Amino acid sequence: MSYGLNSLMFTIIPIIITIGFILIFGMIIFTFINSARQKHQDNISPVLTVPASMVTKRSDVRQSATHTSTNHLNHIHTYRRYYATFQFESGDRMELELKENVYGLLAEGDYGKLTFQGKRFINFERDLKG
């Protein structure tokens, strides 16, 4: 009975590992293709400058850890992405990723001219009169 179980494990485990590698590799390729597609879409989109107000902003913190088995050191990399949601005069909203220095200058309720291309933030020029 034990021989049959061992034989079954030596058959199933490599299949499971192979499927796992294929899924991980597929997810990496899918992410790369989506990123390239979005960049291409942004590049062919017109650059628009429209009146908008900044209604909210948020940041997203992510961490990745590297573990080494030889000296048991862990390297943790933390990175942050910054986003702002802009509302147009039509009532439509769009969330765009910003650089940290731009994120820090924006406040909720700011009104001005938003320049963007596709989903790529270019500039926000605050209207100081409003």
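Start with the whole chain: of its 130 residues, 19% count as buried. Keep in mind that this is a predicted model. Now show the surface. The chain exposes about 10,300 Å², and carbon and sulfur atoms supply 60% of that area.

Switch to cartoon view. You should find two helices and five strands. Trace them from the N terminus: the order is α-β-β-β-α-β-β. Contacts also link distant parts of the sequence. Among those between residues at least 6 apart, 49% join residues at least 24 apart.

Next, select helix α1, residues 2–44, and pick out Phe 21. Is Phe 21 buried or exposed? Its relative accessibility is 58%, so Phe 21 counts as exposed, since the cut-off for exposed is over 50%. Add Leu 8, Met 9, Ile 12, Ile 13, Ile 16 and Ile 17 to the selection. Together with Phe 21, they make a nonpolar surface patch of about 680 Å².

Now jump to Asp 110. You will find this residue in the loop between α2 (100–105) and β4 (111–117). Asp 110 has 12% relative accessibility, so it counts as buried; the cut-off for buried is under 20%.

What does Asp 110 touch, leaving out residues up to four places away in sequence? Select Ala 52, Ser 53, Met 54, Leu 105, Phe 124 and Arg 126. Zoom in on the Asp 110 side chain. It makes a polar contact with the side chain of Arg 126, at 3.0 Å. The Asp 110 side chain also reaches the backbone nitrogen of Ala 107, at 2.9 Å.

Last stop: Asp 127. It sits 17 residues from Asp 110 along the chain, and the two C-alpha atoms are separated by 7.8 Å.

Terms used:
Residues are numbered from 1 along each chain as its sequence is written. This is a predicted model: local features need pLDDT of at least 70, side-chain atom pairs count only at pLDDT 80 or more; totals for chains, interfaces and linings use all residues. Side-chain values use heavy atoms; hydrogens and water are left out. Helices (H or I, at least four residues) and strands (E, at least two) are DSSP runs, numbered from the N terminus. Buried means under 20% relative accessible area, exposed over 50%, partly exposed in between (1.4 Å probe, protein chains only). Contact means heavy atoms within 4.5 Å. A polar contact is a pair of N or O atoms within 3.5 Å; within protein, one must be able to donate a hydrogen and the other to accept it, and residues adjacent in sequence count only if both atoms are side-chain atoms. Patches are made of residues with over 30% relative accessible area and no salt bridge: like charges are joined within 9 Å, nonpolar side chains (Val, Leu, Ile, Met, Phe, Trp, Tyr) within 5 Å. Accessible areas come from the Shrake-Rupley method with a 1.4 Å probe; for residues, only the protein chains shown count as cover. A salt bridge is a side-chain nitrogen of Lys or Arg within 4 Å of a carboxyl oxygen of Asp or Glu.
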